[in-house]
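Trainee: I would like to go through this model strand by strand. Where shall we start?

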Amino acid sequence: LQRQSDGLKSVVSSDAFGTLAGNPAELVSRLPGVEGVACDGDTRYIRMRGLSQELNTITMDSNRLADAGSAVTSRSYQFQQISSDSIERLEVVKSPTPDMDGDSIGGNVNLVSKSAFDSSPERRIRGSFGVIWRPFDPRETRAPRNYSLSYSEVFGGKIGVTVNAAYRVHNTPQDTIVQAHQQLANGVAGPAYTYSAQLVDFRNERARTGAGIKLDYKLSDNVRFYLNTTSNKIVEHENDRYTTFATGEAIATRDASGNFTGTGGIIPGYTDRFTAVRPVTSSTVNIQSRNQYKDGKTVTLQIGGVHRYKNLDLDYDAYKSDSKTNYAGQRLLDYTARGIGFTIDTRDRWEYPIVTQTDGPDITKLESFTENNYSIARNVGWDGYRGGALNLKKQFETAVPTYIKTGLRWRE
């Protein structure tokens, strides 16, 4: 298929690199000219030919997939509410062709669904079970289980049935350190002080459920009709802790007696690996506790037919795709204490600072935090497509392969 393509196309089987953990973007991002964009430990977007993810189109059997995304207005497709278990192969087109939608500037990824006629006709049943266990991780995380089951069979050489289902859970614990340093002018050797250090404890559990059924009826060697439906759901629970020590980018000054004066928080004598901060108003510790719950579902339905003759190809279909994303409750507890003196020390390990409070209100006591906020937000998003297509391709028996292709497409 890749050799026979008219343009620049990559065709790869869904199991070419082993198990995809349910996310087809994990495979697409390994192809030439394609870049995966990770979010919360999962490949959520893809970029093609260096262009934004908003300039690509994602289709299944050449029809657009609905995506409610993160309940915001965006053209980006998020590879969350789609499962790889019902996909036979992926086709990546990086050079737009006349039969592609006009908004496929970066390219197109077409997910081709599995068919019973793609393999031998006998009954094929395949299942898998797995568990992810982190015995040396000190954080309390359960061992999520993963299941998958597929069934394929051809009856009487005419009727093909394919059923695929899977349930996968992935736990993503992350420790993140973010430091902000003084920006020095070109040619200045330093040292540079560190005015902010943020420590993040990120925990995310993502459960993917996917199921698909495809029925094929082979009228003859040249004519086939099909009905294909998929249902994919994602449930995501995120629980994060952010602790940020910060001060203003101003160096403290001394009066005639040698005492610190002014509002500068950075104590002179700092190095590239050690900074001491005064307990001034701009010196703060901010603690955030975030709890987010997300669930989304995408359902597709397609019916069509394919006619293949010696010099004439005809295919047609009608489809619908609906998606909904629901953030049932995003809770954020934010509290701040001011006048905190502290040190940021990276002399032992530059990538992991040791932050120690040296002055100011005791940050282990709740009454030290005077600027507090608790918010709850809910977002809901919907997306849907309805459409149909008719394609006709006439080939001519000439010395140089020649054909004419035309068709109609309706989408709303």
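Mentor: With a small sheet. This is a predicted model. An open sheet of three strands has antiparallel pairing and the order E15-E18-E19.

Trainee: Which are the edge strands of that sheet?
Mentor: An edge strand pairs on one side only. Two strands fit that here: E15 and strand E19, residues 354–359.

Trainee: What does the twist average from one strand to the next there?
Mentor: Follow the order E15-E18-E19. From one strand to the next, the twist averages 15°.

Trainee: In E19, what is the bridge partner of aspartate 345?
Mentor: Strand E18 covers residues 341–345 and runs antiparallel to E19, with five bridges joining them. Aspartate 345 has its bridge partner in E19. That partner is isoleucine 354.

Trainee: Is threonine 275 buried or exposed?
Mentor: Threonine 275 sits in strand E15, residues 274–277. Its relative accessible area is 1%. Buried means under 20%, so threonine 275 is buried.

Trainee: Which backbone nitrogen does the side chain of threonine 275 reach?
Mentor: Take the contacts of threonine 275 beyond four places in sequence: among them are Tyr193, Thr194, Phe342 and Ile344. One of these residues, Thr194, also offers its backbone nitrogen at 3.0 Å from the side chain. The nitrogen reached is that of threonine 194.

Trainee: Now the nine strands. What is their order in the open sheet?
Mentor: The pairing is antiparallel. The edge strands, each pairing on one side only, are strand E8 (124–131) and strand E21 (402–411). The twist averages 15° from one strand to the next. The order is E8-E9-E10-E11-E12-E16-E17-E20-E21.

Trainee: Which residue in E9 stands opposite glycine 130?
Mentor: E8 pairs with strand E9, residues 145–155, over eight bridges in the antiparallel sense. Glycine 130 faces a residue of E9. That residue is asparagine 146.

Trainee: How many bridges join strand E17 to strand E20?
Mentor: E17 spans residues 312–338 and E20 spans residues 371–396; they run antiparallel. Asparagine 326 stands opposite valine 380 in E20. The number of bridges joining E17 to E20 is 23.

Trainee: How many residues lie between E20 and E21 in their hairpin?
Mentor: E20 and E21 run antiparallel and are joined by 10 bridges. Glycine 387 has arginine 411 in E21 as its bridge partner. The residues between the two strands of the hairpin number five.

Trainee: Which residue in the turn between E2 and E3 has a positive phi?
Mentor: Strand E2, residues 34–39, pairs with E3 over six bridges in the antiparallel sense. Cysteine 39 stands opposite aspartate 42 in E3. The hairpin has two residues between its strands. With a phi of about 55°, the residue is aspartate 40.

Trainee: Why is E3 largely enclosed by the rest of the structure?
Mentor: Count its buried residues. E3 is largely enclosed because six of its seven residues are buried.

Trainee: Which residues have the most contacts inside the largest nonpolar core?
Mentor: This core has 19 residues. Helix H1 and strands E3, E4, E6 and E7 each supply at least two of them. Isoleucine 46 is in contact with residues including Ala25, Val28, Ile58, Phe79 and Val109. The residues with the most contacts inside the core are Ile46, Val109 and Leu111.

Trainee: How many residues has the other core?
Mentor: That core lies apart from the largest one. Among its residues are Ala180, Tyr270, Ile287 and Tyr335. The number of residues is 16.

Definitions and conventions. Residues are numbered from 1 along each chain as its sequence is written. This is a predicted model: local features need pLDDT of at least 70, side-chain atom pairs count only at pLDDT 80 or more; totals for chains, interfaces and linings use all residues. Side-chain values use heavy atoms; hydrogens and water are left out. Helices (H or I, at least four residues) and strands (E, at least two) are DSSP runs, numbered from the N terminus. Buried means under 20% relative accessible area, exposed over 50%, partly exposed in between (1.4 Å probe, protein chains only). A polar contact is a pair of N or O atoms within 3.5 Å; within protein, one must be able to donate a hydrogen and the other to accept it, and residues adjacent in sequence count only if both atoms are side-chain atoms. Contact means heavy atoms within 4.5 Å. Two strands pair if DSSP finds at least two bridges between them. Axes are lines fitted to C-alpha atoms, for helices over the stretch in contact, and angles run from 0 to 180 degrees between N-to-C directions. A nonpolar core is a set of buried Ala, Val, Leu, Ile, Met, Phe, Trp, Tyr and Cys residues joined through side-chain atoms within 4.5 Å.
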